[in-house]
Amino acid sequence: MSNELPMGVVGGGIVGLAVARELTRRFPGRPVVVFEKETELATHQTGHNSGVVHAGIYYRPGSLKAALCTRGRSLLQDFCDQRDLPYEACGKLVVAVDRAELGRLDALEATARENGVPGLRRVDAREIVEIEPHAVGLAALHSPATAITDFVAVARAFADDIEAAGGRILRSSPVTGVRRRNGALEVRTPDGVRRVGALVLCAGLQSDRVDELFAAPRGPRIVPFKGEYLTVSAAKRELVRGMVYPVPDPRYPFLGVHFTRRVHGDLEVGPNAVLSLAREGYGRTDVRPADVADIVRWPGFWHLARTHWRTGAEEVWGSLSKQAYMRKASRYVPAIGPEDVVRSRAGIRAQAVEPDGALVDDFRIFAEDGIVSVRNAPSPAATSSLAIAEHVVSHLTAASS
């Protein structure tokens, strides 16, 4: 890593901005430049997520997700407190509604305790109602430290810190090529070529494509999944105080349709997980041929489809039918039904899929010779962003030494 050239970051989402901020802190006085293809920051995964600050309930002990979520939540809370950004620890219930789910709840409790989730406790049906008066279930895990925030506001605060430290954020600057030349990395954009001494790729939904600009393709590949949200009517939105989640299916990295409060006061239901035919298409009918072609050319997609087609069909039906969508959610809060919600927004999850069809569950970060690539960083990446930044910058230093 040349000590004279700037350090570059590709991607102006919350992870890329956290990494650039950490670079300015770790190497004061060293130029840092962020390349962002959109006109605004945090417009994709950061700007379309649920706003939940996770406490570490779900993640395999010893995994990057477990370690970085735990540290990231603490760092994020401190950052929000210091910057007077919204941060509300409204708490979460993960609810088992039938006996078939109790074994999975037991396993989830063991995972959460090994991860040191603060304040976690097992509650029974009576205690569920004390926490969430309109929720029902046989048993639940209560995580009082699970919180909500505004991740776009957090990302913008990261950007302010970068620029205050002398860093540059280049909007409308898509990276179209990367090559090594004369001991540096040349980053090509429509405005020309910039030389950097080190580069971190945090391209989210485009991470595999950006990787291919400087190296041969290496798995996994991104398969996009759309998560659609419904908004609960004003008359019913106070029926949930915090968050009510199902016990997740361990076969998938998705957490299931749930009720989540937002910092601006709304109550949302969602998201589901439907294959998206456009990596950055948030409308219900958006299709981009290049994105479809990438999906169908990836052998991992066909392995995934053959194994999980029934679940996929159920998700599509839930997307088409508000009644089917709410049939799952209403098991947990029966007082909120299809007539109490309206379709609202959607997000796209950049889900990495291996060639054999396996869904990558952990963060996936590659490092070599002055380049670090964040290939898979879905939820809880926003929660973990400051800890991911520490981890990535350490990798960058090690890879360049």
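The following paragraphs describe helix packing, strand pairing and salt bridges in a predicted model.

Residues are numbered from 1 along each chain as its sequence is written, and side-chain values rest on heavy atoms, with hydrogens and water left out. Local features need pLDDT of at least 70 and side-chain atom pairs count only at pLDDT 80 or more, while totals for chains, interfaces and linings use all residues.

Helices and strands are DSSP runs numbered from the N terminus, a helix being H or I with at least four residues and a strand being E with at least two. Helix α2 (residues 64-83) packs against helix α5 (residues 151-164) at an angle of about 75°, and their axes are 11 Å apart. Such axes are lines fitted to C-alpha atoms, for helices over the stretch in contact, and angles run from 0 to 180 degrees between N-to-C directions. The helices α2 and α5 are therefore roughly perpendicular to each other; angles under 35 degrees count as roughly parallel, over 145 as roughly antiparallel, 65 to 115 as roughly perpendicular and the rest as oblique. On the α2 side, the contact (heavy atoms within 4.5 Å) is made by Leu76, Phe79, Cys80 and Arg83. On the α5 side, Phe151, Val154, Ala157, Phe158, Asp160 and Asp161 take part. The residues of this contact of α2 with α5 comprise seven nonpolar, no polar and three charged. In this division Ala, Val, Leu, Ile, Met, Phe, Trp, Tyr, Cys and Pro count as nonpolar, Asp, Glu, Lys and Arg as charged, and the others, Gly among them, as polar.

A second helix pair consists of α8 (residues 299-320) and α9 (residues 322-329), whose axes come within 5 Å and cross at roughly 115°. That crossing makes α8 roughly perpendicular to α9. Here Glu315, Trp317, Gly318 and Leu320 in α8 meet Lys322, Ala324, Tyr325 and Lys328 in α9. Of the residues in the contact of α8 with α9, four are nonpolar, one is polar and three are charged. Two of the charged side chains, those of Lys328 and Glu315, meet in a salt bridge (3.5 Å, N to O), a salt bridge being a side-chain nitrogen of Lys or Arg within 4 Å of a carboxyl oxygen of Asp or Glu. Because Lys328 lies in helix α9 and Glu315 in helix α8, the pair ties together parts that are 13 residues apart in sequence. Lys328 is partly exposed, with a relative accessible area of 39%, whereas Glu315 is buried at 16%. Buried means under 20% relative accessible area, exposed over 50%, and partly exposed in between (1.4 Å probe, protein chains only).

Across the whole structure, a search finds 37 salt bridges. One of them joins Arg126 to Glu130, with the closest N and O atoms 2.7 Å apart. These two residues are four residues apart in helix α4 (residues 125-131), which separates them by about one helical turn. Arg126 is exposed, with a relative accessible area of 53%, and Glu130 is partly exposed at 48%. Another salt bridge links Asp266 with Arg237, the closest N and O atoms being 3.3 Å apart. Asp266 lies in the loop between β16 (258-261) and β17 (267-270) and Arg237 in the loop between β14 (221-232) and β15 (243-246), so this pair ties together parts that are 29 residues apart in sequence. Both partners are partly exposed, Asp266 at 25% and Arg237 at 29%. Elsewhere, a network of salt bridges links Asp208, Arg209, Glu212, Arg221, Arg279, Asp291, Asp294 and Arg297.

Strand β15 brings the description to the sheets. Strand β5 (residues 92-96) pairs with β15 in the parallel sense over four bridges, pairing being assigned if DSSP finds at least two bridges between two strands. Leu93 stands opposite Val244 in β15. Two bridges join β15 to β16, and these strands run antiparallel, with Val244 opposite Phe259 in β16. Both faces of β15 are covered: Met243 and Tyr245 on one side and Val244 and Pro246 on the other are all buried.

An open sheet of three strands follows the order β10-β11-β12 with antiparallel pairing. Its edge strands, β10 (177-181) and β12 (192-196), each pair on one side only. Neighbouring strands of this sheet are turned by 25° against each other on average, direction ignored. Five bridges join β10 to strand β11 (residues 184-189), and Arg180 stands opposite Leu185 in β11.
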